[in-house]
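Reader: Could you walk me through one part of this structure in some detail? I'd like a close look at a single helix and what surrounds it.

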Amino acid sequence: MILLISDLHLEQERPDITRAFLHFLETQARQAQALYILGDFFEVWIGDDAITAFHQKIAQALRQLSEHGTQVFLMHGNRDFLIGKQFCRLASCTLLRDPALVDFNGEKVLLMHGDSLCTQDIAYMKMRRWLRNPLSLFILRNLPLSTRQKLARKLRNESKLQTRMKASEIVDVTASEVSRIMTQYGVQTLIHGHTHRPATHALQIAGQPAQRIVLGDWDKHGWVLQVDADGYHQSSFALEAEA
Ligand code: LP5
């Protein structure tokens, strides 16, 4: 059995999500052969040199899971694309490329964070191209920590303002891009997060039935997709409120 989650946006300020996640690691995740985390695992990640006790606690919990026998795979999201080798070593997890082609029960499946599918969001796509090119990444990683903290805060605030003003279809995936990438990789199943719109969409790709499974974000509920011999099943559970 394989489990997939995304968009937990873990941060010290949300102990309810952290608690639910740690409980998930100690229970359901232990039954899985692999756990895939498809991006935006952390609310924001400004570099492996900014690892705090909070991050170490999360890394340690992931390490314990893999020592227990569940392989852990992690993909970057738009909030935590600066996660690097140091965190992955601490957490004993494997960093996946976006997109990643995997084999689930003999089916070729494409995994993505999902932000790159939102091609109608022109302002975001421009920013993404800039932030993710190797030269920018080199510059960002070498900026002083305090500068990165300030820039990340600015970027978050600007993003919050701008996303509120964007039309709902702009911040969703573009159908033609989904179709293009599924055709390119020859898959009938695409799994991604990012949009916070959990659902399974039935599609036709190259004349064949296909599906796009969108993982939910962890906020008031947690969302887990289970893949087993019976297929794909996403379930949610309510997060316990603060005591
Ligand atoms: O995150 P989410 O899902 O709410 O919104 C995304 C897009 N926004 C982002 C930005 C993130 O929220 C914040 C990223 C923090 C990264 C930290 C690491 C970098 C550290 C080093 C600092 C440089 O990804 C949002 C999409 C939305 O998804 C839906 O797809 O719409 O995109 C935007 O809102 C982008 C705006 O449209 C354009 C912003 C221009 C910003 C310009 C000035 C900021 C000054 C900072 C200079 C670097």
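Which residues of helix α7 (residues 175–185) are buried?

Author: Keep in mind that this is a predicted model. In α7, the buried residues are Glu 177, Val 178, Ile 181 and Met 182. Looking down the helix axis, you'd find these buried residues within an arc of 125°, so they line one face of α7. Flip to the other side of α7 and you get Ala 175, Ser 176 and Gln 184, which are exposed.

So much for the helix itself; now its neighbours. The buried residues of α7 pack against four strands: β6 (107–112), β7 (189–192), β8 (199–205) and β9 (208–214). Just after α7 comes Gly 186, with a positive phi near 65°.

The loops that touch on those strands have some backbone quirks too. As background, most residues other than glycine have a negative phi, and most peptide bonds are trans. Take the loop between β7 and β8, where His 194 sits. His 194 isn't a glycine, yet its phi is positive, near 80°. With a relative accessible area of 17%, His 194 counts as buried, because the cut-off for that is under 20%.

Then there's Asn 105, in the loop between β5 and β6. Asn 105 is another non-glycine residue with a positive phi, about 50°. Unlike the buried His 194, Asn 105 is exposed, at 55% relative accessible area.

One last stop is the loop between β4 (94–96) and β5 (100–104), which holds Pro 99. The peptide bond joining Asp 98 and Pro 99 is cis, with omega about 0°.

Methods
Residues are numbered from 1 along each chain as its sequence is written. This is a predicted model: local features need pLDDT of at least 70, side-chain atom pairs count only at pLDDT 80 or more; totals for chains, interfaces and linings use all residues. Side-chain values use heavy atoms; hydrogens and water are left out. Buried means under 20% relative accessible area, exposed over 50%, partly exposed in between (1.4 Å probe, protein chains only). Helices (H or I, at least four residues) and strands (E, at least two) are DSSP runs, numbered from the N terminus. The arc is that of the directions from the helix axis to the C-beta atoms. Contact means heavy atoms within 4.5 Å.
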